Amino acid sequence: MFDLNDIVEMKKPHACGANRWQIIRVGADIKIQCTQCQHIVMMSRREFTRKMKKVLEKAADSE
């Protein structure tokens, strides 16, 4: 569904006005970074899947 370095859209925009987030850590918790102001937010996987709207860009496979 989502992977490391994907760009996702959340249901609510960030305070800076942007709604594009890059996934920078995937595990039991998910860490995302705002693509506009570089603010980092960490949340549980369950909370993330509830708040995520859609994947905007899939990360390019480096394999």
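Biologist: Let's start with Thr-35, which sits in the loop between β3 and β4 (40–44). What makes something a strand here?

Modeller: Strands are DSSP runs of E with at least two residues, while helices are H or I runs of at least four, and both are numbered from the N terminus. One caveat up front: this is a predicted model, where local features need pLDDT of at least 70 and side-chain atom pairs count only at pLDDT 80 or more, though totals for chains, interfaces and linings use all residues. Residues are numbered from 1 along each chain as its sequence is written, and side-chain values use heavy atoms, with hydrogens and water left out.

Biologist: Fine. Why is Thr-35 called partly exposed?

Modeller: Buried means under 20% relative accessible area and exposed means over 50%, with partly exposed in between (1.4 Å probe, protein chains only). Thr-35 comes out at 33%, so it counts as partly exposed.

Biologist: And which residues does Thr-35 contact, beyond its neighbours within four places in sequence?

Modeller: Contact means heavy atoms within 4.5 Å, and by that test Thr-35 has Ile-7, Arg-20, Trp-21 and Gln-22. Val-55 is 20 residues along the chain from Thr-35, and their C-alpha atoms are 14 Å apart.

Biologist: Over to Glu-9, in strand β1. Why is Glu-9 labelled buried, charge or no charge?

Modeller: The label rests on area: Glu-9 has 15% relative accessible area, so it is buried. Glu-9 touches Asn-19, Met-52, Lys-53, Lys-54 and Leu-56, leaving out residues up to four places away in sequence. Lys-53 is 44 residues from Glu-9 in sequence, yet the C-alpha atoms are 5.5 Å apart.

Biologist: Asn-19 is on that list, and it belongs to the loop between β1 and β2. How do you know whether Asn-19 is buried or exposed?

Modeller: Its relative accessibility is 18%, so Asn-19 counts as buried.

Biologist: What does the side chain of Asn-19 reach?

Modeller: The backbone oxygen of Met-10, at 2.9 Å. A polar contact is a pair of N or O atoms within 3.5 Å; within protein, one must be able to donate a hydrogen and the other to accept it, and residues adjacent in sequence count only if both atoms are side-chain atoms.

Biologist: What makes a set of residues a nonpolar core?

Modeller: They must be buried Ala, Val, Leu, Ile, Met, Phe, Trp, Tyr or Cys residues, joined through side-chain atoms within 4.5 Å. The largest such core has 12 residues, among them Val-8, Met-10, Trp-21 and Ile-32. Two or more residues each come from β1 (7–10), β2 (21–26) and β3 (29–34), and β3 gives the largest share, three residues.

Biologist: Which residues away from its sequence neighbours does Val-8 contact?

Modeller: Setting aside those within four places, the contacts of Val-8 include Trp-21, Ile-23, Phe-48 and Met-52.

Biologist: Last stop, backbone angles. What is odd about phi of Asn-5?

Modeller: Phi is near 75°, a positive value in a residue other than glycine. Asn-5 lies in the segment before β1, and at 39% relative accessibility it counts as partly exposed.

Biologist: And Gln-38, in the loop between β3 and β4: why is Gln-38 called partly exposed?

Modeller: Its relative accessible area is 44%, so the partly exposed label applies. Gln-38 also has a positive phi, about 70°, although it is not a glycine.
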